[in-house]
Amino acid sequence: MSKDRKAGMKLSRDKNTAMVIDSILMSVRSLVGNPVRAFLTVLGIMIGVAAVIALVALGNGAKSTVADSLQTLGSNLLIVYSGEPRGSSLVRRNTTNITPVLSQEDLDSTRQLSGGLISMAAPESSASVQLKVNNLNMAATAIGTDVYYPEVRNFFPVYGRFFDQEEYASRSLVAVIGIEVYRQLFPSGEDPLGQKVRINGIGFEIVGIMQEKGNSSQDSSILIPMSAFQRSISGEADYAIINIQAANSEVMRDAQLWVESVLLQNHGIASMDFADFYIANQLDILATAQGVTGTFTVLLAGIAAISLLVGGIGIMNIMLVSVTERTREIGVRMALGARPGDVLLQFLIESIILSIAGGIAGVLIGLLASWLAVHVGNMAAVPDYFSVLLAFGFSLATGLFFGGYPAWRASRLDPIEALRYE
Amino acid sequence: MIELSNIRKFYQMGPDTIHALDDVSLRIDEGDFVSIIGPSGSGKSTLMNLIGCLDTPSSGTYVLDGMPVEKLSRNQLAEVRNRSIGFVFQTFNLLPRLSALENVEVPLVYAGVDRRHRRALAQQMLEKVGLSDRGRHLPNELSGGQRQRVAIARALAGRPAVLLADEPTGALDTRTGEEIMALFAELHKEGTTIVLVTHDPVLADKAPRIIRLKDGRIVGVEDFTLGHQVSGSTARVAAASLSAATAQKELVS
Ligand SMILES: Nc1ncnc2c1ncn2[C@@H]1O[C@H](COP(=O)(O)OP(=O)(O)OP(=O)(O)O)[C@@H](O)[C@H]1O
Ligand SMILES: [Mg+2]
């Protein structure tokens, strides 16, 4: 007898591994054996994890959409606006009624003296105008600019052509129309090239149609030579805006500082604090926009974390019920030699298995939701694999934490009381 | 091997104190087959639970295999239950979600026996109780008698020093009860120490030694082995407390 017992002692090193494997198999079995209950138990965790993943994916999607749409403005773009800087809003929505202060001299100096920081610049002024073709009318924005505009703003004709240097120099009355203008003024789809469009009553010959940009301000505009714009529409010699393309993204900050100093000098102003112009840097716009969506992401993740917490409480609740329900089983196990630690381990593993199952289901649902958002909902969603890991890890921790108390309660049961439990 | 001295167990029920066990002294040696008989509420289960280290006495000492049990920690008690004691319950207490074979494996899991070994041992135990073909069945797919056999196999799996059975036939019909008793007799013949609690005098008579309990006291000890076994008889005489010995005389006469 005593020899047998000593042999048993020797094996006790493998005991914990054996126990863990057994507990895992058993809890998997009870999960499969009672799928509805298991599902309801892990529902909270599942929703929490899925929400974290899907919402972070949507947040990321929003970020990259903002980045993309900013990129369509043009690349490495600096925009010099007339007027005093207005708080934090870097992009001016309405540029049609500002007093232009940027001169030909300003434009020339940015073009000529940049020392390689700037590759191109184009002036821009705009006005709200009434367009008329035959007897169709529409309100639009007329933009006066020069031949570098398409390149700087990454905005090209899809049909016909842009006006050329000669037409610019000779103040020709030619126009390139936005796609929306074409659609409204030529509803039957006829060829607009060579046709006359009246801008505030003055006839311009259409030479091209611009590509679709997806934003109404560009698609509903009509582009004409700055020289013609100044003479026929605004009567102003100065420009509202100078669009500048920096040589590359690394020098944007330097280019901005350089342009600032040149324009301050031209305008005879001591510092940017008193300037009558300001410069929007594409990188700043991007950072601001991403900052906003970043806050949004954090907020969503917070909401999701709360639902994980609720899910954890759900697990705790069910585990407490389970411990009570299985009091007798615990008593039997203790009578057969289970130590408090063995019981603790068993219930802990059970709640961890539950939360892992919930976590896996949540990850799958979250990824599926992101996929559906992209392929069915036409939204931008970019799953972040770090958030997948994070959510999964968090669900595991939830299982450990919220399963801990019920498991501890189970392990503290008195064997005889547990066996007597009805 | 089992030595109880002046064991008392009280339960405080409001103003009343219930003496479930009152000054019980008892000794059981390796290889004994003892039955404990007594009316309902006489303290049989209480005594069994104490012997099985599931419960602790209010006073008195219990020495198991030379170890004073009250000195053991929770973990050590678990180990004792695992290695030294095999429990058979009146209501079987099989784990409902485990198959017969897996039920038999449970004590081996806690003993740290590796998987393959465990399977083989458990299968061997099922064979011993005549259920080698029922290993895959769940408890609710077995008859009462079969369930109790599985429970006995489980109690034996860890090769415990003593098998404790609290009314193992209480939930079974007479015929099945007799089969279970035959199994106990056979196990005893193979050398297993058995302590059996029962209501039924007919079943109790199958054991060579009978301890009668009433109101938490030992009121009689009958030892049919005394006449036959000369060696060790002195030890056995010391088994019962003084009062019990008197009662025994009355019973014999
Ligand atoms: N947990 C408890 N709390 C209070 N009293 C108890 C408790 N357990 C047992 N008792 C009392 O102790 C006495 C002995 O009970 P025990 O269960 O040992 O009797 P028994 O001999 O096994 O009876 P039966 O043959 O009916 O199983 C009874 O009077 C019972 O009421
Ligand atoms: Mg009883």
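**Entry 1: the A–B interface**

I began with the area buried between chain A and chain B in this predicted model, and it comes to about 3,300 Å², with carbon and sulfur atoms giving 53% of that area. I then looked up which residues take part, and found that chain A brings 35 residues to the contact while chain B brings 34 residues. For charged pairs across the interface, I noted a count of two salt bridges between chain A and chain B. One that I followed up joins Glu102(B) to Arg29(A), where the closest N and O atoms are 3.0 Å apart.

**Entry 2: α3 and α5 of chain B**

Glu102(B) took me on to chain B itself, where I looked up how helix α3 (residues 100-111) is placed against helix α5 (residues 144-157). Their axes come within 7 Å of each other and cross at roughly 25°, so I entered α3(B) as roughly parallel to α5(B), given that angles under 35 degrees count as such. I recorded the crossing of α3(B) past α5(B) as right-handed.

On the α3(B) side of the contact I listed Ala100(B), Asn103(B), Val104(B), Pro107(B) and Leu108(B), and these meet Val150(B), Ala153(B), Arg154(B) and Ala157(B) of α5(B). Sorted by character, the residues of this contact come out as seven nonpolar, one polar and one charged.

**Entry 3: α4 and α10 of chain A**

In chain A I turned to helix α4 (residues 104-112) and helix α10 (residues 252-267), whose axes come within 10 Å and cross at roughly 145°. This crossing of α4(A) and α10(A) I likewise put down as right-handed.

From α4(A), the residues I found in the contact are Glu105(A), Asp106(A), Ser109(A) and Thr110(A), which meet Trp258(A), Val259(A), Val262(A), Leu263(A), Asn266(A) and His267(A) in α10(A). I divided the residues of this contact into four nonpolar, four polar and two charged.

**Entry 4: a salt bridge from α4 of chain A**

I next asked how many salt bridges the structure holds over all chains, and the total is 25. Among them I looked up the pair formed by the side chains of Asp146(A) and Arg111(A), with 2.4 Å from N to O. Arg111(A) belongs to helix α4 of chain A, whereas Asp146(A) sits in the loop between β3 (136-145) and α5 (149-153) of chain A, and I therefore noted the pair as tying together parts that are 35 residues apart in sequence.

Terms used
Residues are numbered from 1 along each chain as its sequence is written. Chains are lettered from A and ligands numbered from 1 in the order in which they are written. This is a predicted model: local features need pLDDT of at least 70, side-chain atom pairs count only at pLDDT 80 or more; totals for chains, interfaces and linings use all residues. Side-chain values use heavy atoms; hydrogens and water are left out. Axes are lines fitted to C-alpha atoms, for helices over the stretch in contact, and angles run from 0 to 180 degrees between N-to-C directions. Helices (H or I, at least four residues) and strands (E, at least two) are DSSP runs, numbered from the N terminus. Angles under 35 degrees count as roughly parallel, over 145 as roughly antiparallel, 65 to 115 as roughly perpendicular and the rest as oblique. A crossing is left-handed if the near helix is turned anticlockwise from the far one by less than a right angle, and right-handed if clockwise. Contact means heavy atoms within 4.5 Å. Ala, Val, Leu, Ile, Met, Phe, Trp, Tyr, Cys and Pro count as nonpolar, Asp, Glu, Lys and Arg as charged, and the others, Gly among them, as polar. Buried area is the accessible area (1.4 Å probe) that two parts lose on being put together, summed over both. A salt bridge is a side-chain nitrogen of Lys or Arg within 4 Å of a carboxyl oxygen of Asp or Glu.
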